[in-house]
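The exercises below are to be worked with the sequence and the 3D view at hand. Each task is followed by a solution in steps.

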Amino acid sequence: MTSSLTDHVWLSEKRTNLLLLLMEGPRDIEQIKVSLNVTSRGMMPQIKKLKEKHLIVEEDDRYRLSNIGELIVKNMLPLINTLSMINENKDYWEQHDINILPPHLFKRLHELGNYLLLEPDLHYTFEIPKEFTENLLKSREIRSIISFYRPEYPKFYSELAEKAESLTLILSKAAFNRMKSNRMKELDFLLSAENTQVLLYEGEARPPAIDVSEWFMYISFFNENGSYDHNDIMSFDESALKWCSELFDHYLEQSVEIKNIDEIREAQ
């Protein structure tokens with residue numbers, strides 16, 4: 001029985017790894033052996049099978065993907081990256097509400113890339129993580145969504161407004177009401193700052209907390225109970241910045257700018 005392309009791609013780890021390697025460019029057998037930590041004896045039968053299925057071609061003692069091989073590998077990568085992302089922190093992704101994401105970004109969650117999962121230090125659970133504050137204070141262009149209130153936020157975002165070239169800040173209704181009731185001075189400052197735009201989110205589903213700048217992104221999903229558990233995702237990958245910026249834009253479209261505090265009644 002003739003085996004399928006699916007079998008040739010997925011049923012051998014050596015073949016799968018070789019296809020992924022050749023996505024980066026042509027390689028000779030010595031380069032393949034070093035990159036994949038294999039022997040010629042173990043690899044040549046796999047190369048022969050991939051050549052027979054026209055997934056790779058040999059030119060001048062170097063192997064490269066064929067046209068159909070390149071097409072297949074390009075479509076393999078999102079699935080492989082998604083599996084890798086989930087396997088790295090399976091419990092986190094099972095326990096947090098990612099169904100709130102718009103469908104086109106839900107399918108591209110793997111673009112978070114080489115992210116870091118920051119788990120709370122039990123001794124500093126209620127303090128803002130330094131990875132969050134230090135990286136934002138170094139940023140020039142900041143776009144943030146405050147979905148839950150921390151007493152430190154009004155002062156911290158006021159400091160960002162003084163340091164950054166631009167700050168676009170979306171407040172959930174709950175966060176806006178808390179700031180209006182308890183920290184009116186800082187809210188007034190943010191509204192009057194020339195480089196700062198403050199908006200009120202008017203959508204139905206509460207968005208995750210988001211901070212994205214020109215080189216750094218930070219996102220906090222709520223758990224399945226709708227609570228924040230101090231587990232956060234941070235990434236510096238270009239694909240993650242693009243993904244998070246698109247997510248911010250999604251919520252920006254559902255927000256209205258606050259120009260004058262007197263024009264905004266308490267958000268319901």
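**Exercise 1. A small sheet**

Task: Find the residue that stands opposite R27, then work out the order of the strands around this pair.

Solution. The model is a predicted one.
- Step 1: R27 faces Y63, a residue of strand 3.
- Step 2: Strand 1 and strand 3 (residues 62–65) are joined by two bridges and run antiparallel. Two strands count as paired if there are at least two bridges between them, so this is a pair.
- Step 3: The open sheet has three strands in the order 1-3-2, with antiparallel pairing.
- Step 4: Strand 1 (27–28) and strand 2 (56–59) are the edge strands, each of them pairing on one side only.

**Exercise 2. Positive phi**

Task: Compare H54 with H230 and decide for each whether the residue is buried or exposed.

Solution.
- Step 1: Most residues other than glycine have a negative phi.
- Step 2: H54, which is not glycine, has a positive phi near 60°. For H230, also not a glycine, phi is positive at about 70°.
- Step 3: H54 sits in the loop between helix 4 (40–52) and strand 2. H230 belongs to the loop between strand 9 (217–220) and strand 10 (232–235).
- Step 4: Exposed means over 50% relative accessible area, and buried means under 20%. H54 has 56%, so H54 is exposed. H230 has 15%, so H230 is buried.

**Exercise 3. Salt bridges**

Task: Of the 13 salt bridges found in the whole structure, examine K51 with E58, E165 with R140, and K242 with E246.

Solution.
- Step 1: Side chains of opposite charge can pair when their charged atoms come close. The cut-off used is a nitrogen of Lys or Arg within 4 Å of a carboxyl oxygen of Asp or Glu.
- Step 2: In the pair K51 and E58, the closest N and O atoms are 2.8 Å apart. K51 is partly exposed at 33% relative accessible area, and E58 is partly exposed at 36%.
- Step 3: E165 and R140 form a salt bridge with an N to O distance of 3.8 Å. E165 is in the loop between helix 9 (153–163) and strand 6 (166–171), while R140 is in the loop between helix 8 (130–137) and strand 5 (141–146), so the salt bridge ties together parts 25 residues apart in sequence. E165 is exposed, with 52% relative accessible area, and R140 is partly exposed, with 43%.
- Step 4: K242 and E246 meet at 2.6 Å, N to O. Both belong to helix 12 (residues 238–252) and are four residues apart, which means that about one helical turn separates them. E246 is partly exposed at 23% relative accessibility.
- Step 5: K242 and E246 also belong to a network of salt bridges that includes R108 and E111.

**Exercise 4. A nonpolar patch**

Task: Which residues form a nonpolar patch on the surface with about 410 Å² of accessible area together? Locate L79 and classify its exposure.

Solution.
- Step 1: The patch is formed by W10, L11, L79 and L83.
- Step 2: L79 lies in helix 5 (residues 67–88).
- Step 3: A patch residue needs over 30% relative accessible area. L79 has 44%, so L79 passes this cut-off and counts as partly exposed.

How values were computed: Residues numbered from 1 in each chain as written. Predicted model: local features only at pLDDT ≥ 70, side-chain atom pairs only at ≥ 80, totals over all residues. Heavy atoms only, no water. Patch = residues over 30% accessible without salt bridge, like charges linked within 9 Å, V, L, I, M, F, W, Y side chains within 5 Å. Areas by Shrake-Rupley, 256 points an atom, 1.4 Å probe, with all protein chains shown as cover. Salt bridge = Lys/Arg side-chain N within 4 Å of Asp/Glu carboxyl O. Buried < 20%, exposed > 50% of the residue type's maximum accessible area, 1.4 Å probe, protein only.
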